[in-house]
Amino acid sequence: MASILRFRKLCYVEPVKCSSLGFESFETPKIEKKDDEGAVKAVESTVGEKQKKKSSKRQPREWRCMDYCCLTVGYMCTAWWLLLFLYHCLPAALPGFQVPEAPGARLRREGLTALHPVVLVPGIVTGGLELWEGRPCSEGLFRKRLWGGSFTEIFKRPLCWLEHLTLHNKTGLDPPGIRVRAVPGLVAADYFAPGYFVWAVLIENLARIGYEGKNLYMAAYDWRLSFQNTEIRDQALSRLKSKIELMFVTNGNKKVVVVPHSMGVIYFFHFLKWVESPPPMGGGGGQGWCAKHIKVIMNIGPAFLGVPKAVSNIFSAEGKDVAFVRSMAPGVLDSEILGLQTLEHVMRVCRTWDSIISLIPKGGETIWGNLDWSPEEGYNCDLAKKRYAQPSLLDSNDTNSDGKMEFQIKESVRYGRIISFGKATSQLPSSQLPNLGSKDFLRTSNPTKFNSLCSEVWTEYDEMSRDGIRKIAENKAYTARTFLDLLRFVAPKMMQRAEAQFSHGIADNLDDPKYAHYKYWSNPLEAKLPDAPDMEIYCLYGVGLPTERSYVYKLSPTDRCKSIPFRIDSSAEGSDGGCLKGGVYFVDGDESVPVLSAGFMCAKGWKGRTRFNPSGIATYIREYRHKPPASLFEGRGLESGAHVDIMGNVALIEDVLRVAAGATGAEMGGDRIYSDIMRMSDRINLRL
């Protein structure tokens, strides 16, 4: 019996390697000579331990968060590679899988070739910035991109990265010991990040009809600076002037076609005044320089009259996307445990960029409306969406397209109230709202700090008293005029610096000598177009996308140090199909620039001979109705009307190529309007 039990035990004993002999063998366990009963107990205890170990191994272990993340990433990668494999395996003739022919290749086959030199002017944030001098924390980053590209430095050294993108709070120029400059050449803004194109598709199509380095130029500049400071620090305007003159001469005295985008539109408008103004403030080109050197200005996504998004960015470092993230996962941005203070860091940096002030809505209540009126009054988001979804109603070049479907009042929306504290405040009659006077925007001489424990001032909110913060938020509504007073109250240092560079009003008399100052040159309502009757100006922009117009705000629930006391009230919602969603009122546009800002100057302000366009430069509106990608393989869409994605819109690219090859606006069919920009423009009472 004992021998049988010993044999059973051998079955559970692990083999022992005999390194000295070079082979595996079993070592028979030695059992003390006891009676059979003791041996049985010893063997049974060993067997029990082995069985417990086996049973413990069979139990499924608990999944951790990291396991789920890895599984999700694995599924996504597998799905992507599977789709990529199927895409290359399926026949090209299969419906939906044909690669569309590039417009440049098609137009080249039709006989179009490069004629006029082309200058591209990028907008805000899309141009790359590289480091030339920095603090010790930036070791190893010389001439590497801090903005644009992979953005790896955000994760490696975020505070160092923010420090080097911040400008001097008093001068608006470089802080001591830091030099960040614009990346030169076409690579400055061809891609914003790997795989995310900006100008790359347009550049490629221009190359297909014969463009190259000698007749194609990217006018890169440091988009953080005020427009005049790009000349003071970098001589960017002088270099642009010299480049246009050189391209004019070396290309057979062919005039230049200029294609600016977004904020680059008002940057180049500033250049038009600068280049003909006398030195030292101007470029000294003299009257007639623009008429001699420039054929066409094709403005893509123009922010001529500003964008309401700049209002929320300056006021609370927010927009619709940030408000949505905060409502879905409030701990991500507002966690006191993590101490991230993401928006506070963003505000601290962005308020040193004077260029953002150039995007504040211009024209005051005359253009953007007051407490009771706005040009978009009666706009209905639900009906507008249905209208854009019916091509039969829109595929027409009729400039007086019927907009009755869109302008049917479903709920009263007062878009003129750019900021309202509370949903009720955004809807009440103006008679029930408190009047805003100059006394409401006076700071006390010795205010109690917003938080007496703040050892360091991050933003100017840290210098405000708590009573002052409550005072400006109590059932108040602010228009495009009173919002400037609000900014002067909450950010006086920023506004004192920025308002020396920009103006946002409407000129009574454009011949007044004061408008010869550069602070007025980027505002089309305070500056004339040049005397160039043969020039053409295009307004090219997308329509059919909800675009931010005004905001519902509330006080932040926290009083902690270095925090932003205001935030968008993401709980404010309108009726089904209404224009209020997540605390934001929407109108028609390209997701960034409302139709009103993009199209008004071409539709009315510069149409014919006006005091803003004394030589009668021809203006054209070309709208591009947004159509989302039909499949995953279309990427960001071939017919997108979004603010940046429109740079890959086939119709827009074709328009730019035809003009660069010599076509005129009349030859391309004149205006193409889908929105109600003409109706909005007629509602604006502006002296022309």
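This passage describes a small sheet, a pair of crossing helices and an internal cavity in a predicted model.

The sheet is considered first. Strands of a sheet pair through backbone hydrogen bonds, either parallel or antiparallel. Here three strands form an open sheet, and their pairing is antiparallel. The order across the sheet is β5-β4-β6. Strands β5 (145-147) and β6 (179-182) stand at the edges. Each has a single partner strand, so one side of each is left without a neighbour in the sheet. Neighbouring strands are turned against each other by 45° on average, direction ignored.

Strand β4 covers residues 129-133. Two bridges join β4 to β5, and these two strands run antiparallel. Across this pairing, E130 stands opposite R145 of β5. A helix also meets the sheet. Helix α6, residues 158-165, lies across β4, β5 and β6. The helix runs at about 80° to β5.

Next come helices α9 and α10. Two packed helices are described by the angle between their axes and the distance between the axes. Helix α9 spans residues 236-250, and α10 spans residues 263-276. Their axes come within 11 Å and cross at roughly 80°. Angles of 65 to 115 degrees count as roughly perpendicular. The two helices, α9 and α10, are therefore roughly perpendicular to each other. On the α9 side, the contact is made by A236, L237, S238, L240, K241 and I244. On the α10 side, Y267, F268, H270, F271, W274 and V275 take part. By class, this contact of α9 with α10 has nine nonpolar, two polar and one charged residues.

Helix α10 also takes part in a cavity lining. Rolling a probe the size of a water molecule over the atoms shows where empty space is left. A search of the whole structure finds four cavities of 30 Å³ or more. The second largest cavity holds about 50 Å³ of space. Its lining consists of V265, F268, F269, L272, I297, N299, F304, L529, I537 and W606. Two elements, α10 and β11 (294-300), each supply at least two residues of this lining. Helix α10 gives the most, with four residues. By class, the lining has nine nonpolar residues and one polar residue, with no charged residues.

One residue links the last two parts of this description. F268 belongs to the contact of α10 with α9, and F268 also lines the second largest cavity.

How values were computed:
Residues are numbered from 1 along each chain as its sequence is written. This is a predicted model: local features need pLDDT of at least 70, side-chain atom pairs count only at pLDDT 80 or more; totals for chains, interfaces and linings use all residues. Side-chain values use heavy atoms; hydrogens and water are left out. On a 1 Å grid over the protein atoms alone, a cavity is a set of points where a 1.4 Å probe fits but cannot get out, and a pocket is an open set with protein on both sides within 12 Å along at least five of seven lines; lining residues have an atom within 4 Å of a point. Grid points are joined across faces, edges and corners, and a volume is the space filled by probe spheres set on the points. Ala, Val, Leu, Ile, Met, Phe, Trp, Tyr, Cys and Pro count as nonpolar, Asp, Glu, Lys and Arg as charged, and the others, Gly among them, as polar. Two strands pair if DSSP finds at least two bridges between them. Axes are lines fitted to C-alpha atoms, for helices over the stretch in contact, and angles run from 0 to 180 degrees between N-to-C directions. Contact means heavy atoms within 4.5 Å. Angles under 35 degrees count as roughly parallel, over 145 as roughly antiparallel, 65 to 115 as roughly perpendicular and the rest as oblique.
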